[in-house]
Amino acid sequence: MEVGGMEDEGPSSQNELPDLLATQQQPADLQSSRPAENVRVNQKAVDKLTEGFLSHYLPDLQNSKRALQELTQNQLILLDTLDQEVTKFRECNTLLDLNSLFTEAKLYQNKLVNIRKEMIMLHEKTTKLKKRALKLQQQKQKELLEKEQQRERELERERQLIAKPAKRT
């Protein structure tokens, strides 16, 4: 990973590159027919190429890694926020359900109050009707009694008007 190390050995690494390239530029059929043990690789060239490759791509990869970590963190924050919002909506729906239940309860309470008022009114009417019926019954009985008494008086009067034989004394 030492970028400065490549500049120190500049001429010698350039001499090693053609050997490596020559080995790699052979026809594909020769490379595949040759066993892996016969391939000559200069270790210094591999180290320098690896170091150059890493020095070229590693900063971008590290930046990408940081950006992905930041995106992941932001995504987790968004998921938490979304979960909180979903919870708030559920609570709102629960509150709406409660409000509708309270409204419905109030409606039924008003119906019960109206029914109670109606029952009280009907009770008062039936009480008045019973009193009236009792008065009418008493009046009818009184009239019947008066008729009966009148009839008895008339019968008594008729008896008194009927001529009685006088007693001889």
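**Exercise 1. Find the residues that make up a nonpolar surface patch of about 400 Å².**

Solution. Start by picking out four side chains in this predicted model: F53, L54, Y57 and L61 make the patch. Now take one of them, L61, and ask where it sits: L61 belongs to helix α4. Last step, check how open L61 is. Its relative accessible area is 55%, and exposed means over 50%, so L61 counts as exposed.

**Exercise 2. Work out what helices and strands the protein has, and in what order they come.**

Solution. Count first: there are 4 helices and 0 strands. Then walk along the sequence and write down each element as you meet it, which gives the pattern α-α-α-α.

**Exercise 3. Check whether the span of α4 agrees or disagrees with its number of residues.**

Solution. Helix α4 covers residues 43-161, and that makes 119 residues. At 1.5 Å a residue, you should expect a span of 177 Å. Now look at the C-alpha atoms at the two ends: they are 168 Å apart, which agrees with the expected value.

While you're following the helix, stop at Y57. A kink of about 40° lies there, shortly before the proline P59. Y57 is also one of the residues in the patch from the opening exercise.

**Exercise 4. Say what caps the N-terminal end of α4.**

Solution. Go to the N-terminal end of the helix and look for N42, the capping residue. Then follow its side chain: an oxygen there lies 3.2 Å from the backbone nitrogen of K44.

**Exercise 5. List the salt bridges, and say how far apart the partners are along α4.**

Solution. The cut-off you need is a Lys or Arg side-chain nitrogen within 4 Å of a carboxyl oxygen of Asp or Glu. With that rule you get 3 salt bridges. Let's take them one by one.

- K88 and E85: their side chains meet at 3.7 Å, N to O. The two residues are 3 apart in α4, so about one helical turn separates them.
- E148 and R151: the closest N and O atoms are 3.1 Å apart. Both residues lie in α4, 3 residues apart, about one turn of the helix.
- E156 and R159: here the closest N and O atoms are 3.0 Å apart. Once again the spacing is 3 residues in α4, or about one helical turn.

Why does that spacing suit a pair? An α-helix has 3.6 residues a turn, so residues three or four places apart point the same way.

**Exercise 6. Sort the salt-bridge residues into buried, partly exposed or exposed.**

Solution. Under 20% relative accessible area is buried, over 50% is exposed, and anything in between is partly exposed. Now go pair by pair:

- K88 has 47%, so it is partly exposed, and E85 at 33% is partly exposed too.
- E148 is partly exposed at 34%, and R151 is partly exposed at 46%.
- E156 comes out partly exposed with 34%, while R159 has 52% and is exposed.

**Exercise 7. Find the buried residues of α4, then look at the protein as a whole.**

Solution. In α4, the buried residues are A45, K48, E51 and G52. Next, zoom out: of the protein's 169 residues, 5% count as buried. To finish, add up the accessible surface, which comes to about 16,200 Å². Carbon and sulfur atoms account for 57% of that surface.

Note on methods
Residues are numbered from 1 along each chain as its sequence is written. This is a predicted model: local features need pLDDT of at least 70, side-chain atom pairs count only at pLDDT 80 or more; totals for chains, interfaces and linings use all residues. Side-chain values use heavy atoms; hydrogens and water are left out. Buried means under 20% relative accessible area, exposed over 50%, partly exposed in between (1.4 Å probe, protein chains only). Accessible areas come from the Shrake-Rupley method with a 1.4 Å probe; for residues, only the protein chains shown count as cover. Patches are made of residues with over 30% relative accessible area and no salt bridge: like charges are joined within 9 Å, nonpolar side chains (Val, Leu, Ile, Met, Phe, Trp, Tyr) within 5 Å. The expected span of a helix is 1.5 Å times one less than its number of residues. The bend at a residue is the angle between axes fitted to the seven residues ending there and the seven starting there. A polar contact is a pair of N or O atoms within 3.5 Å; within protein, one must be able to donate a hydrogen and the other to accept it, and residues adjacent in sequence count only if both atoms are side-chain atoms.
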